[in-house]
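This report describes a single chain, moving from its sheet to its helices and then to its charged pairs. Please keep the sequence and the coordinates at hand while reading.

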Amino acid sequence: MITITVCDTIHAPRDVVWQAVERIETHAEWMKDAVRITFTSPQHSGVGASFECLTRVGPLFTTDRFVVTQWRPGALMGIEHRGAVTGDAEFRLDSTPGDATRFCWEERLRFPWWLGGPIGEQLGKPVLRHIWQGNVARLKASIEGAG
């Protein structure tokens, strides 16, 4: 299993950042690796919401399945990966001085054998970190640009 954490300070209040993050259906707008999000539950937010995400990393495509496991408005969204890649993720939001928000995205992932298992995880870690740094930068730019 690998752990990847990407954090940045977004110059907007925590409630503004949460408004952007809580709308799961818009994540494909700022996540380069997310091609399409399709809900598999009637609810689209909160604990129990489930969805599939067609994910692309380079030439590889997979349909990832997710379930929201934690939901603290303005503070935390927890997701469980239930597709080929398993694990969990968290978006954490913390207020910082100057009415800004520290946004952290942490993932703990396990790759299946056909994606290289533990070796694939280690090879994929820097690639995923790079993609997610770009994702967080796009989220930041979209929020700060809207303000």
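## Basis of the description

A residue is called buried here when its relative accessible area is under 20%, exposed when that value is over 50%, and partly exposed in between. The model is a predicted one, and the values given below are to be read with that in mind.

## The sheet

The strands form an open sheet of 7, in the order E1-E7-E6-E5-E4-E3-E2, and their pairing is antiparallel. Strand E1, covering residues 2-10, and strand E2, covering residues 34-39, are the edge strands, each of them pairing on one side only. From one strand to the next the twist averages 20 degrees.

Within this sheet, strand E4 (residues 60-72) and strand E5 (residues 76-82) are joined in the antiparallel sense over 6 bridges. In this part of the sheet, phenylalanine 66 stands opposite histidine 81, the latter belonging to E5.

## Two positions in strand E6

Glycine 87 has its place in strand E6, and with a relative accessibility of 14% it counts as buried, because that value falls under the 20% limit. Apart from residues up to four places away in sequence, glycine 87 touches Ile79, Glu80, His81, Arg108 and Leu109. Arginine 108 is 21 residues away from glycine 87 along the chain, yet the C-alpha atoms of the two are separated by 5.4 Å.

Leucine 93 also lies in strand E6, and at 1% relative accessibility it counts as buried. Its contacts, leaving aside neighbours within four places in sequence, are with Arg14, Val17, Trp18, Gly74, Ala75, Thr101, Arg102 and Phe103. Glutamine 122, by contrast, is 29 residues from leucine 93 along the chain, and a distance of 27 Å separates their C-alpha atoms.

## Helices on the sheet

Helix H1, made up of residues 14-21, lies across E1, E4, E5, strand E6 (86-96) and strand E7 (100-110), and it runs at about 155 degrees to E6. Helix H3 (residues 117-146) also packs on the sheet, where it touches E1, strand E3 (50-57) and E7, and its direction makes about 20 degrees with that of E1.

H3 has 30 residues and reaches 41 Å from its first C-alpha to its last, which is close to the 44 Å expected at 1.5 Å a residue. The helix nevertheless has a kink of about 40 degrees at glycine 124, shortly before proline 126. Which residues of H3 are buried? They are Gly117, Gly120, Glu121, Gly124, Leu128, Ile131, Trp132, Asn135, Val136, Leu139, Lys140 and Ile143, so that the kinked position, glycine 124, is one of the buried residues of this helix. The buried residues of H3 pack against E1, H1, helix H2 (27-30), E3 and E7.

## Salt bridges

The structure holds 8 salt bridges. One of them joins the side chains of aspartate 8 and lysine 140, with an N to O distance of 3.6 Å. Because aspartate 8 lies in strand E1 and lysine 140 in helix H3, this pair ties together parts that are 132 residues apart in sequence. The two partners differ in their setting, since aspartate 8, at 25% relative accessibility, counts as partly exposed, whereas lysine 140, at 18%, counts as buried.

Lysine 140 also forms a salt bridge with glutamate 144, the closest N and O atoms being 3.9 Å apart. These two residues are 4 residues apart in helix H3, which means that about one helical turn separates them. In an α-helix there are 3.6 residues a turn, so residues three or four places apart point the same way. Glutamate 144 counts as partly exposed, with a relative accessibility of 30%. Taken together, Asp8, Lys140 and Glu144 are linked in a network of salt bridges.

A further salt bridge brings together the side chains of glutamate 80 and arginine 82, at 3.1 Å from N to O. Both count as partly exposed, glutamate 80 at 29% relative accessibility and arginine 82 at 46%. Glutamate 80 is, in addition, among the residues that glycine 87 touches.

How values were computed. Residues are numbered from 1 along each chain as its sequence is written. This is a predicted model: local features need pLDDT of at least 70, side-chain atom pairs count only at pLDDT 80 or more; totals for chains, interfaces and linings use all residues. Side-chain values use heavy atoms; hydrogens and water are left out. Two strands pair if DSSP finds at least two bridges between them. Axes are lines fitted to C-alpha atoms, for helices over the stretch in contact, and angles run from 0 to 180 degrees between N-to-C directions. Contact means heavy atoms within 4.5 Å. A salt bridge is a side-chain nitrogen of Lys or Arg within 4 Å of a carboxyl oxygen of Asp or Glu. Buried means under 20% relative accessible area, exposed over 50%, partly exposed in between (1.4 Å probe, protein chains only). The expected span of a helix is 1.5 Å times one less than its number of residues. The bend at a residue is the angle between axes fitted to the seven residues ending there and the seven starting there.
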